[in-house]
Amino acid sequence: MAILDQFTEVLETPYRRAQSWKESHGTKLLGCAPMHLPEEMVHAAGATPVVLQPGHEPITLGHSYFYSFFCGYVRGTMDLFLKGSFDFVDGVAFPDTCLQMRGLCSILRDKWQHYLEFMQLPADVRKPDALPVTLKALRVFQKSLEEWTGRRISREALKESIILYNESRSLMRQFYQLCRERPGLLRPREIQAVALSSLLWPKEEQKALLRSLLKELEGHRPSAPDKARLLLSGHLCHAPQPEVLDLVDKAGGVVVNDDLYAGY
């Protein structure tokens, strides 16, 4: 399918569409670390969020700042920052995902001379003070974004951004529902490419393409519906390697669902 090719290109040129959007619309690009950053606020401030992913090339410079047993996302992302691969973004924002991510943020404050924001949300939402702490963090992030973009985040703008992002999420749920109902409809790497695009592309463009893909998939039937059905599970900040996903095909399985961050 020709339209599916536009999604699979993400694996080779993950930031090309975001950069094109920046050039054509004159917006700032905010590189976001996974996985709990309110991208709707970034969008409402007039900027375009893009979730940074480490590359496929060997890590070299990144090893100078982190232990080898640190996660691949932290080492790989640091490596790309040091090599200038992320120079196309105008700023970066980090949620308090883990101790290793805190270290990455701290080092970049000294090494990267652009806008950088760290957002700390409560780790346990069951605590009595979770709501006020969350609201305080959101207000701090809002003020920081407004100062960086020079644009106030109005309630109307935030509402429009939330609607846009929820529409994208709704389309992704429809896409995964199709994959569940029709095992083998797409290969695992193709499913990932569609899901990964939601992290890397401007939502306006991704939403339109996803709607077109759903319309085209409606008329397709899986070629091998009797394969073993698998669910991919993990708490990865970045997407699994496509070559690993190909092993599912070679082993005679079919992915019908996942709970990956770079996925459902």
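Two strands are taken to pair if DSSP finds at least two bridges between them, and in this predicted model 4 strands form an open sheet in the order β2-β1-β3-β4, with parallel pairing. Strands β2 and β4 (residues 115-119) stand at the edges, each with a single partner strand, so one side of each is left without a neighbour in the sheet. On average, and with direction ignored, neighbouring strands of the sheet are turned by 25 degrees against each other.

Within this sheet, strand β1 (residues 29-32) pairs with β2 (residues 48-51) in the parallel sense over 4 bridges, and Cys32 stands opposite Val51 in β2. Strand β1 is also joined to β3 by 3 bridges, the two running parallel, and the bridge partner of Leu30 in β3 is Gly91. A right-handed β-α-β unit is made by β1, helix α3 (residues 39-44) and β2. The loop between β1 and α3 is the place of Met35, and a cis peptide bond, with omega at about 10 degrees, joins Pro34 and Met35. Most peptide bonds, by contrast, are trans.

In a regular strand the side chains alternate between the two faces of the sheet. Both faces of β2 are covered, since Thr48 and Val50 on one side are buried, as are Pro49 and Val51 on the other.

The largest nonpolar core has 56 residues, and those with the most contacts inside it are Phe7, Val89, Phe94, Phe175 and Leu213. At least two residues of this core are supplied by each of α1, β2, α4 (72-82), β3 (91-95), α5 (99-111), α7, α8 and α9, and the largest share, 7 residues, comes from α8. When its neighbours within four places in sequence are left aside, Phe94 is in contact with a set of residues including Ala33, Leu37, Met101, Leu104, Leu108 and Phe118. A second, separate core of 17 residues includes Leu30, Leu37, Ala47 and Trp148.

Helix α9 (residues 203-217) can be examined in terms of both its length and its surroundings. At 1.5 Å a residue, the 15 residues of α9 should span 21 Å, and the distance of 20 Å between its end C-alpha atoms agrees with this expectation. The buried residues of α9 are Lys203, Gln206, Lys207, Leu209, Leu210, Leu213, Leu214 and Leu217, and what covers them includes α1 (2-8), α2 (16-25), α3, α7 (155-181) and α8 (188-200). Among these buried residues of α9 is Leu213, which also has a place among the residues with the most contacts inside the largest nonpolar core.

Terms used
Residues numbered from 1 in each chain as written. Predicted model: local features only at pLDDT ≥ 70, side-chain atom pairs only at ≥ 80, totals over all residues. Heavy atoms only, no water. Buried < 20%, exposed > 50% of the residue type's maximum accessible area, 1.4 Å probe, protein only. Right-handed = clockwise from strand over helix to strand, strands pointing away. Expected span 1.5 Å × (residues − 1). Contact = heavy atoms within 4.5 Å. Core = buried A, V, L, I, M, F, W, Y, C linked by side-chain atoms within 4.5 Å. Axes fitted to C-alpha atoms, helices over the stretch in contact; angles between N-to-C directions.
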